[in-house]
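The following note collects points on the model for a colleague's consideration. They are set out in numbered order, by topic.

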Amino acid sequence: MKARLWPWLLHPRLTLAARIALGLVFIAAALPKIGDPPGFAKAIWAYQLVPGPTLNPMALVLPWLELLCGLGLALGIWVRAAATWAAMLLLAFGLALAINLARHHPVDCGCFGATAHRTDAERLTDMRWSLLRDAGLLLLAAQIFLAAAPRKN
């Protein structure tokens, strides 16, 4: 079973589709944040996980890192490094969401920029869906990472 499934999971067309999909998601997530650093800093602050002095540097650096990952994946440049960074960002974002869900502390994800005002229940539901989305994106990053690994012959 593993012998038949593995080549399909690492097929170049699947990898290309995963690279483009994950790259476009990261580009789409980065652009609104790059255009509104104060809004993104406010979104990070809402999570109540990082000290105040780190908010502004994070709001300035993270979106550009997301954009570089997205461009690298979409254009096929430094694919393994871009997939690794994307996976690390997804793990960090997922962990931040999970911690706030465990605390029953509703926050707007801030994943794609500012959102409209929602109730606490709507935010908690959105956080659960965001965790599922991040898990799916993490699977894409893992597929890309494995497919881009050097082969032993």
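1. Helix 2 covers residues 12-35, and its length is consistent with regular geometry: at 1.5 Å a residue its 24 residues should span 34 Å, and the end C-alpha atoms are indeed 34 Å apart. The coordinates come from a predicted model, and every value below should be read accordingly.

2. Which residues of helix 2 are buried? The list comprises Thr15, Ala18, Arg19, Leu22, Gly23, Phe26, Ile27, Ala29, Ala30 and Lys33. An α-helix has 3.6 residues a turn, so residues three or four places apart point the same way. The packing partners of the buried residues in helix 2 are helix 3 (37-47), helix 4 (55-75), helix 5 (79-102) and helix 6 (120-147).

3. Ala30 offers a detailed view of this packing. The residue belongs to helix 2 and, with a relative accessible area of 0%, is buried because that value falls under 20%. When neighbours within four places in sequence are set aside, Ala30 is in contact with Pro63, Glu66 and Leu67. The C-alpha atoms of Ala30 and Leu62 lie 8.2 Å apart, although 32 residues separate the two in sequence.

4. The cysteines deserve separate comment. The model has one disulfide, formed by Cys109 and Cys111 with their sulfur atoms 1.4 Å apart. Both partners are buried: Cys109 has a relative accessibility of 11%, and Cys111 has a relative accessible area of 15%. Cys69, by contrast, takes part in no disulfide; the nearest cysteine sulfur to its own is that of Cys111, 15 Å away. That distance does not meet the criterion, because a disulfide requires sulfur atoms within 2.5 Å. Cys69 is also buried, at 3% relative accessible area.

5. How many salt bridges does the structure hold? The number is six. One of them joins the side chains of Arg118 and Asp108, at an N to O distance of 3.2 Å. Arg118 and Asp108 are 10 residues apart, and each lies in the loop between helix 5 and helix 6. Arg118 is buried, its relative accessible area being 19%.

6. Asp108 forms a further salt bridge, with Arg123, in which the closest N and O atoms are 3.4 Å apart. Since Asp108 lies in the loop between helix 5 and helix 6 whereas Arg123 is in helix 6, this pair ties together parts of the chain 15 residues apart in sequence. Arg123 is buried as well, with a relative accessible area of 16%.

7. Another salt bridge pairs the side chains of Asp134 and Arg133, at 3.4 Å from N to O. Are these partners buried or partly exposed? Asp134 is buried, at 6% relative accessible area, while Arg133 is partly exposed, at 29%. Elsewhere, salt bridges with shared partners connect Asp108, Arg118, Asp120, Arg123 and Asp126 into one network.

8. The surface also carries a nonpolar patch of about 290 Å², made by Leu49, Val50, Leu95 and Ile99. Ile99 is located in helix 5 and counts as partly exposed, with a relative accessibility of 31%. Ile99 is eligible for the patch on accessibility because its 31% is over the required 30%.

How values were computed
Residues numbered from 1 in each chain as written. Predicted model: local features only at pLDDT ≥ 70, side-chain atom pairs only at ≥ 80, totals over all residues. Heavy atoms only, no water. Helix = DSSP H or I, 4+ residues; strand = E, 2+ residues; numbered from the N terminus. Expected span 1.5 Å × (residues − 1). Buried < 20%, exposed > 50% of the residue type's maximum accessible area, 1.4 Å probe, protein only. Contact = heavy atoms within 4.5 Å. Patch = residues over 30% accessible without salt bridge, like charges linked within 9 Å, V, L, I, M, F, W, Y side chains within 5 Å. Areas by Shrake-Rupley, 256 points an atom, 1.4 Å probe, with all protein chains shown as cover. Salt bridge = Lys/Arg side-chain N within 4 Å of Asp/Glu carboxyl O.
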